[in-house]
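Take a moment to turn the model around before reading on. We'll start with a single spot and then work outwards.

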Amino acid sequence: MLLHVACLLASVNGHSQNITFSGKDVPLEKVFAAIKSQSGHVFFFDAGLLRNARPVSINVNNASVAKVLKESLKDQPLDFSIEDKTITIIKNQTTEAAAN
């Protein structure tokens, strides 16, 4: 029983990669590169989506991948989804609806 609990904890810890990153006015690509290198996640997005993205200032320490993405994209016309180790960057549907 104890071994089973230890295996479950190891499994949970393996899936919750934490990110540490600090930057002022950095492009989103740099934040994405830090997430990729520290967590092993890969990104999928249309490069055209990032053309209008503004640089971000962010300081996170031992934060979840989702938290880093939320912080990075909070003032951007972008959103994200995470499935397994793939992060998909998409156009924010709320921003698009407000523009129409």
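Which residue follows H2, and is its phi positive or negative? The residue is Gly-40, and its phi is positive, near 85 degrees. Keep in mind that what you're looking at is a predicted model.

Let's step back for the overall layout. The protein has four helices and five strands, and if you read along the sequence they come in the pattern α-β-α-β-β-α-β-β-α. There are 100 residues, and 29% of them count as buried. Now take the contacts between residues at least 6 apart in sequence: 55% of these join residues at least 24 apart. As for the outside, the accessible surface comes to about 6700 Å², with 54% of that belonging to carbon and sulfur atoms.

Now back to the helix that Gly-40 follows. H2 runs over residues 28-39, which makes 12 residues. At 1.5 Å a residue, those should span 16 Å, and the end C-alpha atoms are indeed 16 Å apart, so expectation and model agree. Which residues of H2 are buried? They are Leu-28, Val-31, Phe-32, Ala-34, Ile-35 and Ser-39. These cover an arc of only 160 degrees around the axis, so they sit on the same side of H2. There's a simple bit of helix geometry to help you here: an α-helix has 3.6 residues a turn, so residues three or four places apart point the same way. As for what that buried set packs against, the list takes in strand E1 (18-26), strand E2 (42-44), strand E3 (56-64), helix H3 (65-73), strand E4 (78-83) and strand E5 (86-91).

H3 is worth a look next. Its buried residues are Val-65, Val-68, Leu-69, Ser-72 and Leu-73. They cover an arc of only 115 degrees around the axis, and so they share the same side of H3. On the other side of H3 you'll find Lys-67 and Lys-70, which are exposed. The buried residues of H3 pack against E1, H2, E2, E3, E4 and E5.

For a closer view of how these pieces meet, find Ile-58 in strand E3. Is Ile-58 buried or exposed? With a relative accessibility of 4%, Ile-58 counts as buried, since the cut-off for that is under 20%. Leaving out residues up to four places away in sequence, Ile-58 touches Phe-21, Ser-22, Gly-23, Val-31, Val-68, Glu-71 and Ser-72. Of these partners, Val-31 is one of the buried residues of H2, while Val-68 and Ser-72 are among the buried residues of H3. Gly-23 is 35 residues from Ile-58 along the chain, yet their C-alpha atoms are separated by 5.5 Å.

Glu-71, another of the residues that Ile-58 touches, has a partner of its own. The side chains of Glu-71 and Lys-74 meet in a salt bridge, at 3.1 Å from N to O. How many salt bridges does the structure hold? It holds one. Lys-74 is exposed, with a relative accessible area of 54%, whereas Glu-71 is partly exposed at 33%.

Finally, follow the chain into the loop between H3 and E4, where Gln-76 lies. Gln-76 counts as buried, at 7% relative accessibility. What lies 2.7 Å from a polar atom of the Gln-76 side chain? That is the backbone oxygen of Arg-54.

Note on methods. Residues are numbered from 1 along each chain as its sequence is written. This is a predicted model: local features need pLDDT of at least 70, side-chain atom pairs count only at pLDDT 80 or more; totals for chains, interfaces and linings use all residues. Side-chain values use heavy atoms; hydrogens and water are left out. A salt bridge is a side-chain nitrogen of Lys or Arg within 4 Å of a carboxyl oxygen of Asp or Glu. Buried means under 20% relative accessible area, exposed over 50%, partly exposed in between (1.4 Å probe, protein chains only). Helices (H or I, at least four residues) and strands (E, at least two) are DSSP runs, numbered from the N terminus. The expected span of a helix is 1.5 Å times one less than its number of residues. The arc is that of the directions from the helix axis to the C-beta atoms. Contact means heavy atoms within 4.5 Å. Accessible areas come from the Shrake-Rupley method with a 1.4 Å probe; for residues, only the protein chains shown count as cover. A polar contact is a pair of N or O atoms within 3.5 Å; within protein, one must be able to donate a hydrogen and the other to accept it, and residues adjacent in sequence count only if both atoms are side-chain atoms.
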